[in-house]
Amino acid sequence: MVGMTRIPCMTPKDSTDDMAAALDAAGCLVVTDLLDAAKRERVRDSLAPFMDATPVSKEDSPGDFYPARTRRITALVARSEPVHDLILHETPNALARHHLGEAGHQLHVTAGLEVGPGTRSQVLHREEDAFPFFACPRPNLILASMWSITDFTAANGGTLLVPGSHRWTEDRRAEAGEIVPAEMPAGSILFWLGGTLHGAGANVSQDWRYGVILTYSLPWLRQEENQYLDIPRDVLASLSPQMRVMIGHTMHGALGFHDPSVDG
Ligand SMILES: O=C(O)CCC(=O)C(=O)O
């Protein structure tokens, strides 16, 4: 049985309610026209020293989670102020409020991802696989987003999604006809729910595909990326109150207390 085979696509003119309904139904959604060329350039420039310093492996092992010929950098809160604007952007945060609840959400992962020519596709996975305590289909724990800094195409490694798979049980495997590449112009954002099967596509083009992945999770979960270790004290001191909530530096209910007298 082949399920849904389309990733819904919207623009900022569509209402958040319509975006949330489409994301809820398909488990994935593209929204175009959210980041202009100047802002994309600022993001790229801020991350360039770290991307340039990242070695590109040519040795591929089929079992590796990240294929060869890709570059991946994390710790973007510490490394890029322009990325802060993406993290706090109203569209992902409105959808996070809808899908993760009004009690709040936190940053789960930040990464810049470049997929180079010749890269094989990544194994399909769910962001929520780190939380096997819940059986699939799980309640919403994570909302993922991918900002396209370059165009994403079927040829250059645009993210592969399995629409509808957020409602599947663990044992159901995606058939070839159910796996759809996210094609979107630079400046768009691709959303997927934590239960949606996805992975980077193979790059059979001559170009590098560049995306910034930012995921958000329920504020009482362990974050996948350790923000407490990745953000130096001087950067922490410069963060806005909103960003401090986002990185999980503030308390959520009874969670996260500390004694400031310990380190002054
Ligand atoms: O690069 C992509 O398109 C997807 C990345 C991804 O799924 C991951 O980093 O786990």
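Which residue forms a salt bridge with glutamate 114? In this predicted model, the partner is arginine 71, and the closest N and O atoms of the pair are 2.8 Å apart. I will start there, because glutamate 114 is buried, at a relative accessible area of 8%, where the cut-off for buried is under 20%. The pair also links distant parts of the chain. Glutamate 114 sits in strand E4, residues 106–115, while arginine 71 sits in strand E3, residues 70–74, and 43 residues separate them.

Let me step back to the chain as a whole. It has 264 residues, and 50% of them count as buried. Its secondary structure comes to eight helices and ten strands. The radius of gyration is 18 Å, close to the 18 Å that the globule rule gives for 264 residues, so the chain is as compact as a globular protein of that length. If you rotate the model, the C-alpha trace spans about 60 × 40 × 40 Å along its principal axes.

On contacts, take those with a separation of 6 or more. Of these, 79% are between residues 24 or more positions apart. The accessible surface comes to about 12,600 Å², and carbon and sulfur atoms hold 55% of that.

Now the charges. There are 22 positive and 33 negative side chains in the chain, and the centres of the two sets lie 2 Å apart. How many salt bridges does a search of the whole structure find? The search finds six. Besides the opening pair, I will show two of them.

One joins glutamate 90 to arginine 97, with the closest N and O atoms 2.7 Å apart. Glutamate 90 is partly exposed, with a relative accessible area of 47%. Arginine 97 also counts as partly exposed, at 30%.

The other is between arginine 138 and aspartate 129, where the N to O distance is 3.4 Å. Is arginine 138 buried or exposed? Arginine 138 counts as buried, at 11% relative accessibility. Aspartate 129, at 35%, counts as partly exposed.

Next, the backbone. As background, most residues other than glycine have a negative phi, and most peptide bonds are trans. Three places here are worth a look against that.

Where is there a cis peptide bond? One joins cysteine 136 and proline 137, with omega at about -5°. Proline 137 is placed in the loop between E4 and strand E5, which covers 142–148.

The second place is arginine 69, a residue other than glycine with a positive phi, near 65°. Arginine 69 lies in the loop between helix H2, residues 37–52, and E3. Its relative accessible area is 29%, and it is therefore classed as partly exposed.

The third is alanine 75, where phi is near 60°, again a positive value in a residue other than glycine. Alanine 75 is in the loop between E3 and helix H3, residues 76–79. This alanine is buried, with a relative accessible area of 11%.

Last, alanine 254, in the segment after helix H8, which runs 241–246. Why does alanine 254 count as exposed? Its relative accessible area is 65%, and the cut-off for exposed is over 50%. Tryptophan 220 is 34 residues from alanine 254 along the chain, and their C-alpha atoms are separated by 9.9 Å.

That is the tour.

Methods:
Residues are numbered from 1 along each chain as its sequence is written. This is a predicted model: local features need pLDDT of at least 70, side-chain atom pairs count only at pLDDT 80 or more; totals for chains, interfaces and linings use all residues. Side-chain values use heavy atoms; hydrogens and water are left out. A salt bridge is a side-chain nitrogen of Lys or Arg within 4 Å of a carboxyl oxygen of Asp or Glu. Helices (H or I, at least four residues) and strands (E, at least two) are DSSP runs, numbered from the N terminus. Buried means under 20% relative accessible area, exposed over 50%, partly exposed in between (1.4 Å probe, protein chains only). The radius of gyration is taken over C-alpha atoms; the globule rule is 2.2 Å times the number of residues to the power 0.38. Contact means heavy atoms within 4.5 Å. Accessible areas come from the Shrake-Rupley method with a 1.4 Å probe; for residues, only the protein chains shown count as cover. Lys and Arg count as positive and Asp and Glu as negative; His and the chain ends are not counted. The place of a charge is taken as NZ of Lys, CZ of Arg, CG of Asp or CD of Glu.
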